[in-house]
Amino acid sequence: MIESLRRPRVFAAVTRLLALTLLPAAFLRSPGRGRYLACQWALAMRYPAEDLAGLSEPARAAFTAARAEAFWRDHQLIGLTSGHRDAAHQHRLFAEEVHRTGSVTAARRRVLPPHESAHVRGTALDVRPTEGAAWLERHGAEYRLYRRYDNEWWHFEYHADTVPMRLPDPGALRPPSMARAAS
């Protein structure tokens with residue numbers, strides 16, 4: 001138990017040490033953005049399976065800027081569990097959830113179909129760890145990143161022009177065509 005509580009702190013300390021070690025090389029490579037670059041390199045080593053490809057350019061820029069700020073200012077790591085998903089992958093996730101729960105309505109509380117998913121549009125981010133998500137919830141609006149659902153502490157979306165409504169779950173705001181079909 002104590003070991004499992006200590007491990008994230010050790011990983012965070014090692015990642016910060018790595019970023020500090022990489023700082024001189026980062027400043028040589030990009031003098032005006034050395035801290036940002038060292039942070040991105042260190043986090044890429046900490047979260048090697050992370051894939052930012054497919055995120056919209058504004059969402060990627062907002063996310064990397066936010067986590068660099070979290071890293072240097074508050075010593076908080078934020079990793080990406082899932083970002084962009086192609087429509088086929090999102091469809092598989094939705095179909096699996098329908099199968100698991102036994103209904104489309106129940107599945108929509110956890111996974112949206114591809115045509116409604118911000119992951120498919122490249123504007124949704126599922127982050128980790130919980131402390132990183134908590135930091136992003138407190139500071140994400142500065143970067144136009146918002147937690148969307150009460151039941152998903154990890155899910156944030158980039159919204160350039162609006163502050164989105166916080167919903168209890170992904171299926172809470174059903175498209176008009178589904179609402180008519182359910183009636």
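User: Is Glu-157 buried or exposed?
Analyst: This is a predicted model, in which local features need pLDDT of at least 70, side-chain atom pairs count only at pLDDT 80 or more, and totals for chains, interfaces and linings use all residues. Residues are numbered from 1 along each chain as its sequence is written, and side-chain values use heavy atoms, with hydrogens and water left out. Buried means under 20% relative accessible area, exposed over 50%, and partly exposed in between (1.4 Å probe, protein chains only). With a relative accessible area of 3%, Glu-157 is buried.

User: Which residue of S2 is the bridge partner of Glu-157 in S4?
Analyst: Strands are DSSP runs of E with at least two residues, and helices are runs of H or I with at least four, numbered from the N terminus. Strand S2 (residues 124–128) and strand S4 (residues 155–158) run antiparallel and are joined by three bridges. Two strands pair if DSSP finds at least two bridges between them. The partner of Glu-157 is Ala-124.

User: What is the order of the strands in the open sheet?
Analyst: The edge strands, each pairing on one side only, are S1 (79–82) and S3 (145–147). The pairing in this sheet of four strands is antiparallel. The order is S1-S2-S4-S3.

User: Which helix packs on the sheet?
Analyst: Contact means heavy atoms within 4.5 Å. Angles run from 0 to 180 degrees between N-to-C directions, with axes fitted to C-alpha atoms, for helices over the stretch in contact. The helix touches S1, S2, S3 and S4, and its direction makes about 140° with that of S1. It is helix H3 (residues 57–74).

User: Which residue meets Glu-157 in a salt bridge?
Analyst: A salt bridge is a side-chain nitrogen of Lys or Arg within 4 Å of a carboxyl oxygen of Asp or Glu. In this pair the N to O distance is 3.2 Å. The partner is buried, with a relative accessible area of 10%. It is Arg-148.

User: How many residues apart in sequence are the parts tied together by Asp-150 and Arg-166?
Analyst: Asp-150 forms a salt bridge with Arg-166, the closest N and O atoms being 3.0 Å apart. Asp-150 lies in the loop between S3 and S4 and Arg-166 in the loop between S4 and H8, so the pair ties together parts separated in sequence by 16 residues.

User: Which residues are joined into one network by salt bridges that share partners?
Analyst: Arg-166 also meets Glu-137 in a salt bridge (3.2 Å, N to O). Glu-137 is partly exposed at 38% relative accessible area, and Arg-166 is partly exposed at 35%. The network consists of Glu-137, Arg-147, Asp-150 and Arg-166.
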